[in-house]
Each structure stands twice: as structure tokens, then as C-alpha cells.
Amino acid sequence: MLEDRATAVSSPTQWPAAYPKGYAVVDVETTGLARDDRIISAAVYRLDARGEVEDHWYTLVNPERDPGPVWIHGLTSEVLDGAPLFGDIAEEFAARLDGRVLVAHNAVFDWQMIAREYARVRREAPVRQRLCTIALSKELGLPLPNHKLESLAAHFGVVQQRAHHALDDARVLAEAFRPSLRAAAAGGVRLPLLECRPLTEWSDRPVPRQSSGGYGGYRGSSWRASRKRPACPYPNPGRYEDGKRLKQGMRVAFSGDTSTERELLEDRAVEAGLHVATSISRLTSLLVTNDPDSGTSKTVKARQYGTPVVDEAAFGQLLGDVEPADE
């Protein structure tokens, strides 16, 4: 183990009672970044309440398809052909995650990939909360040049040995997370925990991707591939009012996990004549989120602007009776 640098804080004697009792630091390598891509390797470092390593685990996974960008992860079809299928390692993976907060760098990506793999084998990952180390570094105000894992590692003096290898990336993150967690505890910082919802309705159809270059349309802050939608043909009639119907042209934004795959919800909103917005502004008619107190940028802005908020179930009901736009 590396010794914590002077930039880190030693473990405080008064540990916040509200902090989780254990963590699972996770990294997955994948065939790409879209919803039809697959996990090809996974690693988990289990940590105790104060961030000390308990054990670690690593596995290859046969994706049953082309391995994708071999030049990034180094895993060829020949290497993966003899690996177990996800269904074969699902129980062991679940045991490593059970009862712990999932910790990852850009955690929405890792969680959504894991949730989808479990949905494919008709199971649920036993994860109820996740913590993104990018969000935690922002909460701590760490002076990082960017939000890459290598920058977080360098800040705490953690040496990367094999970038884009799941086991080494998980090790690096575990070593960087420990001093981050201690700094948060010493400063009484509220951990940026987000709810994890398993997928119950999803599709594996390929995602249309813009030719933006890079790795599957990945643009750094989001795990989802870029999607280009046609412009909404209806004018924005204003905000949604509680107890009334949605109206075609209303601007709807989504935040956080949903049981129905986000893209399916967005497709249904578009089909109903709504405008799917990627951000919150004063013109946003409605925010759909199952976790309005999460502290995400969208929920914070919704509170600032007074944007109406409904959960996924209520939105599903509203979609069934959308008022036509004015002639």
C-alpha cells in the first residue's frame, strides 16, 4: 500500500456515522460505450468503512461478439474465447458487490454496463447506491487539471502500471479513493451518493452514432453514445402544471437512474410529441427523476428555476394522455 501523501488527510477519530459501512471499487472494460456493448473484463476491490482494502477479484468475460477497441484494452478475440460468459460469473460478481456502495470513476458508465449485463441474464445486481470519484473530487475541491483517473492518481502519488486494465485501474482507484474518503470524513463532507436502479425494461438494438470521432461517440462526461434526434415540430407551450396533462412541444429532461432504459423513455417522449432536453433551463417544462434530492446538476437547477419534477412512474402515466399541440 502507498502511504498517504501530505495532500491526504489521516483517518479522523470521529468517523461520520452516516457514511457507508463498505465499498466495492469497480472497473469494467468493454467492447465500446453504447448500450449494445458488452463487458469483457471486470475487477472489484472490496474496502471497509474507512477505505482499507479487504480483498480483490478479477475476471475476463466472453462478450460473445467482437472485442471492440483492442488497441485500448488489449483483449483480443483469442484471449476472450475461453473466458466465462457473464452469466457464469454473475453470482461471484454479485457477492463482491452485495451490501456495498459501488465506487467507480465516471460511475454511471460502470453501473449502467453492469446493470445491463445482469438484465440480460434476468438477474439484478445487489447495488443500491454508487459513488463517482469524479463527483467526490469536485466536492473536495481537489486541484486537478482534469477529471481523468491518471490525474486523480497523480494527485495522491498512486502509480499506474497498466492503464485500461480493469484490475490495475481498480487498484489505482482504490488507492486514490482511500485518502479522498478520509479527507471527506475529516471535513464533514456529504458523500455524493446516487441511487442505483436495476433495469427492468431495456433494448439491445444498436444505437445510431454521430461520426464525431473518438471511442464510440464518447465525449468524456457521459457514458452514452451520441444520438441525433429530429427537431421537435411543436412550439414549447410552457411548464407542466401539476394535475394537468402534458402538451406536445413541452421540454422534458431526465436525471438519474430509471428502471426503464433512458433511451426508451426518451424515444417514447419524442413519439408523443415532446422535446427531449439534455439540460435544464428556464424553458424546461418538466424534469423526470426518481431521486430529486440527489444533488445532480439537473436537480439543483430545477430547484433554482422552479421547474416541476415528477418521478418515472408518474411520467409514464402522463405519457399515456398527451394533449395535442395548438393548431
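Which residue in β5 stands opposite Val103? The residue is Leu131. This pair is a good place to enter the model, which is predicted.

Val103 and Leu131 face each other where strand β4, residues 101–104, meets strand β5, residues 129–132. Three bridges join β4 to β5, and the two strands run parallel. In general, the strands of a sheet pair through backbone hydrogen bonds, in either a parallel or an antiparallel way.

The wider sheet comes next. It is open and has six strands, in the order β3-β2-β1-β4-β5-β6, with mixed pairing. At its edges lie β3 (53–60) and β6 (193–195), each of which pairs on one side only. On average, neighbouring strands of the sheet are turned by 25° against each other, direction ignored.

Two helices that pack on this sheet can be followed from here. Helix α4, residues 107–120, touches β1 (22–30), β2 (39–48), β4 and β5. The direction of α4 makes about 80° with that of β1. Helix α7, residues 166–187, touches β1, β2, β3, β4 and β5. For α7, the angle with the direction of β1 is about 145°.

Further along the chain is helix α8, residues 262–271. Is α8 largely enclosed or largely open, and why? Seven of its 10 residues are buried, so α8 is largely enclosed by the rest of the structure. The buried residues are Arg262, Glu263, Leu264, Leu265, Glu266, Asp267 and Ala269. They pack against β7 (251–255), β8 (275–277) and α10 (312–319). Just after α8, Gly273 takes a positive phi of about 95°.

The segment after α10 contains Glu327. Is Glu327 buried or exposed? Glu327 has a relative accessible area of 98%, and is therefore exposed, the cut-off being over 50%. Glu327 and Tyr234 are 93 residues apart in sequence, while their C-alpha atoms are 9.8 Å apart in space.

Last comes the confidence of the prediction. The mean pLDDT of the protein chain is 89, and 89% of its residues reach 70 or more. Two stretches stay under 50, and they are taken in turn here. Over residues 1–8, pLDDT stays under 50, and the model has 18 contacts beyond four places in sequence for them. Over residues 209–223, pLDDT also stays under 50, with 32 such contacts in the model. Where pLDDT is low, the predicted coordinates should not be read in detail.

Terms used
Residues numbered from 1 in each chain as written. Predicted model: local features only at pLDDT ≥ 70, side-chain atom pairs only at ≥ 80, totals over all residues. Heavy atoms only, no water. Buried < 20%, exposed > 50% of the residue type's maximum accessible area, 1.4 Å probe, protein only. Helix = DSSP H or I, 4+ residues; strand = E, 2+ residues; numbered from the N terminus. Contact = heavy atoms within 4.5 Å. pLDDT = per-residue confidence, 0-100. Pairing = 2+ DSSP bridges. Axes fitted to C-alpha atoms, helices over the stretch in contact; angles between N-to-C directions.
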